[in-house]
Amino acid sequence: MSTPFAFDTEFDADGSVVRESAWKPAKRSYLPAEVDALVAHAKLEARQQALAEIENIRAMALTNIAQGVAAAMPSLRGVAQAHREQSADLALAAARAIGGAALERFPQAPLRAALEALAQEIDASPRLVVRAEALDDEGRAQIERACADSGFTGVVAFRDEPGMGTAAFQLEWADGRADHDPAGSAQRVAEALTAALAAEAGHAEPPINSARSDF
């Protein structure tokens, strides 16, 4: 039902207006300045709405990125840990190859270095026992010269110990003993490196991984 006319203005008994009507006639024409103002206002509203939509899209994109990164982190940590372990294995293999070749060529070098380091401790001892595997006459002569060069003037006695391995030795004197086992040292280095890698991965205990290469 239409209402062609709405008389909502209220008057009192003497004809005075108590409440003005809220009805206003629709504006049929606008001045150029008014048109420009309306257009500018519409543009401002459209821009604000577009910026709000862009901000919502950006927030959603950042949320999706954060969720994707969080989901990928376990895999990325696994890849990084595998890379560290593979790099460590490669470094150990290279060190084993280089060290093995050096010991094959200069098997008495570690023993001579030990004699130089222990010169003051063995100097007063009357006898030095050298235990090693398959020392030939040339090797024994080299050790005797190394003892003399370090200042040792006592008797050098040699004991053949099968199974000790290349460049492994034991030194015994009156009040001390020293030994060197390249294979054992390499094993300890590999174990320490494995423990360090496990600590980086956040494990409380180093994992036992039989697939890892050891010396």
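A crossing of two helices is right-handed if the near helix is turned clockwise from the far one by less than a right angle, and left-handed if anticlockwise. The exercises below use a predicted model.

**Exercise 1.** Describe how helix α1 (residues 32-105) and helix α5 (residues 182-200) are placed relative to each other.

*Solution.*
1. The two axes come within 11 Å, and they cross at roughly 165°.
2. Angles over 145 degrees count as roughly antiparallel, so α1 is roughly antiparallel to α5.
3. The α1/α5 crossing is right-handed.

**Exercise 2.** Which residues make the contact of α1 and α5, and how do they divide into nonpolar, polar and charged?

*Solution.*
1. From α1 come Gln81, Arg84, Glu85, Ala88, Leu92 and Leu103.
2. From α5 come Pro182, Val189, Ala190, Leu193, Leu197, Ala198 and Glu200.
3. Sorted by class, the contact of α1 with α5 holds nine nonpolar residues, one polar and three charged.

**Exercise 3.** Lay out the open sheet and name its edge strands.

*Solution.*
1. The sheet has four strands in the order β4-β3-β5-β6, with mixed pairing.
2. β4 (155-160) and β6 (176-180) are the edge strands, each pairing on one side only.
3. On average, neighbouring strands are turned by 15° against each other, direction ignored.
4. Strand β3 (residues 127-132) runs parallel to β4, and six bridges join them. Valine 130 stands opposite phenylalanine 158 in β4.

**Exercise 4.** Across which strands does helix α2 (residues 109-117) lie?

*Solution.*
1. Helix α2 lies across β3, β5 (169-173) and β6.
2. Relative to β5, α2 runs at about 25°.

Note on methods
Residues are numbered from 1 along each chain as its sequence is written. This is a predicted model: local features need pLDDT of at least 70, side-chain atom pairs count only at pLDDT 80 or more; totals for chains, interfaces and linings use all residues. Side-chain values use heavy atoms; hydrogens and water are left out. Axes are lines fitted to C-alpha atoms, for helices over the stretch in contact, and angles run from 0 to 180 degrees between N-to-C directions. Helices (H or I, at least four residues) and strands (E, at least two) are DSSP runs, numbered from the N terminus. Angles under 35 degrees count as roughly parallel, over 145 as roughly antiparallel, 65 to 115 as roughly perpendicular and the rest as oblique. Contact means heavy atoms within 4.5 Å. Ala, Val, Leu, Ile, Met, Phe, Trp, Tyr, Cys and Pro count as nonpolar, Asp, Glu, Lys and Arg as charged, and the others, Gly among them, as polar. Two strands pair if DSSP finds at least two bridges between them.
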